[in-house]
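I opened my notebook to work through one protein at my own pace. Here is what I looked up, entry by entry.

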Amino acid sequence: FPSHDRLPKGAVVVGVYTLSTGANATQTVNVGFTNGGTDLLNAFAPNLTGYAASGAATGTAVGTKLTEDKTVFLKASATLTNPVFVKVEYIVAPSGLDF
């Protein structure tokens, strides 16, 4: 899994989810547009095995239309005890339509 990827101009992030393969009791995960940024996920603690919505850790850029392509970075506060995968869901309006 790459540590970063791009979201296209015009995208609106509609959800951020994690899938943890085990507890990470003392580590948190940030997802943003800079290394360590919190635009999409702010200090989420993946402390349980399984799939989880971002909840209260949702970043301020979720639900906001991007005005340019954005690189997405994932960063943990420390080496994770167990692997964590992050899913960022977004939509882009069809040509000629807008949000």
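**Who faces whom**

I started with one pair: valine 13 stands opposite tyrosine 90 in β7. Before going on, I noted that this is a predicted model.

**The strands around β2**

I wanted to know which strands β2 pairs with. Strand β7 (residues 84-92) is joined to β2 by nine bridges, and the two run antiparallel. Strand β5 (residues 50-53) pairs with β2 too, over four bridges, again in the antiparallel sense.

In what order do the three strands lie in the sheet? I read it off as β5-β2-β7, an open sheet with antiparallel pairing. β5 and β7 are at the edges with a single partner strand each, so each has one side without a neighbour in the sheet. I also looked up the twist, and from one strand to the next it averages 25°.

A reminder to myself: strands of a sheet pair through backbone hydrogen bonds, and this can be parallel or antiparallel.

Is β2 mostly buried or exposed? Eight of the ten residues of β2 (residues 11-20) are buried, so the strand is largely enclosed by the rest of the structure.

**Leucine 19**

Next I picked out leucine 19, which sits in strand β2. On the β5 side, I found leucine 19 opposite tyrosine 51. In β7, its bridge partner is phenylalanine 85.

Then I checked how covered leucine 19 is. Its relative accessible area is 40%, so I wrote it down as partly exposed. The cut-off for buried is under 20%, and exposed starts over 50%, so 40% falls in between.

What do Leu19, Tyr51 and Phe85 form on the surface? They make up a nonpolar patch, with about 310 Å² of accessible area together. I liked this one, as the patch members Tyr51 and Phe85 are the residues I had just listed across from leucine 19 in β5 and in β7.

**Strand β3 and its partners**

I moved on to strand β3 (residues 29-32). Val29 and Val31 point one way from β3, while Asn30 and Gly32 point the other way. Which of these are buried? All of them are.

β3 is joined to β4 by two bridges, and these strands run antiparallel. For valine 29, the bridge partner in β4 is phenylalanine 44.

β3 also pairs with strand β6 (residues 70-76), in the antiparallel sense and over four bridges. There, valine 31 has leucine 74 as its bridge partner.

**An odd angle at alanine 43**

I looked at phi for alanine 43 and got a value near 55°, which is positive in a residue other than glycine. I flagged it because most residues other than glycine have a negative phi. Alanine 43 belongs to strand β4 (residues 41-44). With a relative accessible area of 41%, alanine 43 is partly exposed.

**Salt bridges**

How many salt bridges does the structure hold? I counted two.

One of them links glutamate 68 and lysine 70, with the closest N and O atoms 3.5 Å apart. Glutamate 68 is partly exposed at a relative accessible area of 44%. Lysine 70 also counts as partly exposed, at 24% relative accessibility.

Another links lysine 87 and glutamate 89, and here the closest N and O atoms are 3.0 Å apart. Lysine 87 has a relative accessible area of 36%, so I noted it as partly exposed. Glutamate 89 comes out at 29%, which also counts as partly exposed.

Both pairs count because a salt bridge needs the side-chain nitrogen within 4 Å of the carboxyl oxygen. My side note: side chains of opposite charge can pair when their charged atoms come close.

**Stepping back**

Last, I looked at the whole protein. It has zero helices and seven strands. Along the sequence I read the pattern β-β-β-β-β-β-β.

The C-alpha trace spans about 45 × 25 × 20 Å along its principal axes. I then checked the radius of gyration: a compact globule with 99 residues would be near 13 Å, and the protein has 14 Å, which agrees. Of the 99 residues, 33% count as buried.

Methods
Residues numbered from 1 in each chain as written. Predicted model: local features only at pLDDT ≥ 70, side-chain atom pairs only at ≥ 80, totals over all residues. Heavy atoms only, no water. Buried < 20%, exposed > 50% of the residue type's maximum accessible area, 1.4 Å probe, protein only. Pairing = 2+ DSSP bridges. Axes fitted to C-alpha atoms, helices over the stretch in contact; angles between N-to-C directions. Patch = residues over 30% accessible without salt bridge, like charges linked within 9 Å, V, L, I, M, F, W, Y side chains within 5 Å. Areas by Shrake-Rupley, 256 points an atom, 1.4 Å probe, with all protein chains shown as cover. Rg over C-alpha atoms; globule rule 2.2 N^0.38 Å.
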